[in-house]
Amino acid sequence: MIFDPRFRKQLVNTQDAISRLDERAKRQSALKMNDREGWSAQRILHDACDAAWISGHLVDAHDLILHESGAAPGPGDPPTLRARHRIRLHAQSMRLGGNRAIEPQEIYRIFGRGPKSPENDLALYDPDENHGETVMRWCARWTELSNEPALLQVGYGLLAWAQAPAFTHATVADLLLLGDRMARAAGLIQSAPLALATGVRRTKWRPLSVTTDEFFLVDFLQAVEATARVGMHQLDEVELWRERAGHHLDTRRRSSGISQVLDLVAAKGVVSARSIADDAGMTVQSAARLCNELTTSGLLRELTGQRHFRIWGRG
């Protein structure tokens with residue numbers, strides 16, 4: 001155990017921030033499930049953009065939204081493909097729940113590798129790597145850490161991996177995605193994605209550069225605190241948007257269909273006229289008209305700048 005006062009102070013601050021975020025996300029779920037689902041999806045998407053930035057690539061959030069919604073032509077360039085792949089993996093880890101065990105198959109999936117086969121086209125393959133034993137040792141170490149508080153369990157788990165990585169060509173973005181899975185498995189945060197890459201981008205922490213255990217853990221705690229504070233700011237924006245939407249609905253007939261559009265935007269993050277028509281049981285023309293009206297009122301924002309195949313998000 002580290003008894004340095006700086007470490008202990010940072011541990012208390014980080015635990016407070018992550019607990020507040022988890023509690024606010026739970027409260028958001030109790031008030032409006034659609035709001036939390038849409039916020040979580042957008043948090044995972046922006047975390048993928050931050051992970052790309054940390055790896056030296058630029059992936060624009062709006063461009064990624066267009067590709068994820070199917071409004072952009074083609075699958076995208078390699079960084080966009082990797083970001084989309086990361087979004088799917090992150091969303092899958094959220095659905096796994098608080099299972100404290102992490103199986104080797106999950107690690108292979110996160111790092112884009114198989115135990116006996118070449119990786120897919122999103123990663124490099126080194127036939128001389130003998131990573132099976134290293135992965136098993138790390139899984140055993142993760143089990144040993146189960147008696148630690150959740151925050152320290154994740155920190156020590158990341159430290160153990162950084163000191164003895166199983167994959168030579170793994171990137172820091174891969175390690176941070178493993179950190180998100182660890183946070184879910186340890187029960188560090190249950191109602192929201194941790195989005196560790198978002199915190200790393202806003203701090204000086206470089207997880208693959210281990211100087212001392214103490215410095216590594218303090219930097220990890222600062223990154224977790226940073227991503228928790230970003231998450232709370234994002235929840236502030238969601239709550240403010242929902243309040244503005246409520247004021248707008250007070251001036252409208254409840255049967256107008258606008259409330260359905262607003263709920264769909266809250267749940268999905270972005271919508272198109274076609275998706276609204278399919279989900280709300282209205283015509284495409286009616287959906288587009290409602291979106292245009294909400295854009296004029298400032299509740300929605302059109303993201304493509306085009307006249308056709310448009311998509312909307314929160315204003």
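These legends go with a set of close-up views of a predicted model.

**View 1. The whole chain, before zooming in.** This predicted chain is built from 13 helices and three strands. Of its 315 residues, 51% are buried. Take the contacts with a separation of 6 or more: 67% of them are between residues 24 or more positions apart.

**View 2. Helices H7 and H8 run roughly antiparallel.** H7 covers residues 150–163 and H8 covers residues 172–186. Their axes come within 9 Å and cross at roughly 150°. That is over 145 degrees, so the pair counts as roughly antiparallel. The crossing of these two helices is right-handed. On the H7 side, look for Ala 150, Gln 153, Val 154, Gly 157, Leu 158 and Trp 161. H8 answers with Leu 175, Leu 178, Gly 179, Met 182, Ala 183 and Ala 186. Sorted by class, this H7–H8 contact has nine nonpolar and three polar residues, with no charged ones.

**View 3. Helix H4 packs against H8 in a roughly parallel arrangement.** H4 spans residues 78–95, and its axis lies 9 Å from that of H8. The packing angle is about 15°, which is under 35 degrees and therefore makes H4 and H8 roughly parallel. H4 passes H8 in a right-handed crossing. Here Arg 86, Leu 89, His 90, Ser 93 and Met 94 of H4 meet a set of H8 residues: Ala 173, Leu 176, Leu 177, Asp 180, Arg 181 and Arg 184. The contact of H4 with H8 breaks down into five nonpolar, two polar and four charged residues.

**View 4. Trp 138 in the largest nonpolar core.** This core has 61 residues, and Ile 107 and Trp 138 are the ones with the most contacts inside it. Plenty of helices chip in: H1 (5–31), H2 (33–54), H5 (104–110), H6 (131–144), H7, H8, H9 (196–201) and H10 (213–250) each supply at least two residues of the core. The largest share, eleven residues, comes from H10. Now for the surroundings of Trp 138. Setting aside neighbours within four places in sequence, Trp 138 is in contact with Ile 102, Ile 107, Gly 157, Ala 160, Trp 161, Leu 178 and Met 182.

**View 5. A second, separate core.** This one has 22 residues. Good ones to pick out are Trp 241, Ala 245, Val 265 and Leu 299, which are among its members.

**View 6. Helices H11 and H13 cross roughly perpendicular to each other.** H11 takes in residues 258–268 and H13 takes in residues 284–296. Their axes come within 10 Å and cross at roughly 75°. An angle from 65 to 115 degrees counts as roughly perpendicular, so this pair qualifies. Ile 258, Val 261 and Leu 262 of H11 make the contact with Leu 290, Cys 291, Glu 293 and Leu 294 of H13. By class, the contact of H11 with H13 has six nonpolar residues, no polar ones and one charged.

**View 7. Arg 100, in the loop between H4 and H5.** With a relative accessible area of 35%, Arg 100 is partly exposed. Its C-alpha atom is separated by 7.6 Å from that of Gly 187, although the two residues are 87 apart along the chain. Leaving aside neighbours within four places in sequence, Arg 100 is in contact with Trp 142, Ser 146, Glu 148, Gln 153, Ala 185 and Ala 186.

Key: Residues numbered from 1 in each chain as written. Predicted model: local features only at pLDDT ≥ 70, side-chain atom pairs only at ≥ 80, totals over all residues. Heavy atoms only, no water. Axes fitted to C-alpha atoms, helices over the stretch in contact; angles between N-to-C directions. Helix = DSSP H or I, 4+ residues; strand = E, 2+ residues; numbered from the N terminus. Left-handed = near helix turned anticlockwise from the far one by under 90°. Contact = heavy atoms within 4.5 Å. Nonpolar A, V, L, I, M, F, W, Y, C, P; charged D, E, K, R; others polar. Core = buried A, V, L, I, M, F, W, Y, C linked by side-chain atoms within 4.5 Å. Buried < 20%, exposed > 50% of the residue type's maximum accessible area, 1.4 Å probe, protein only.
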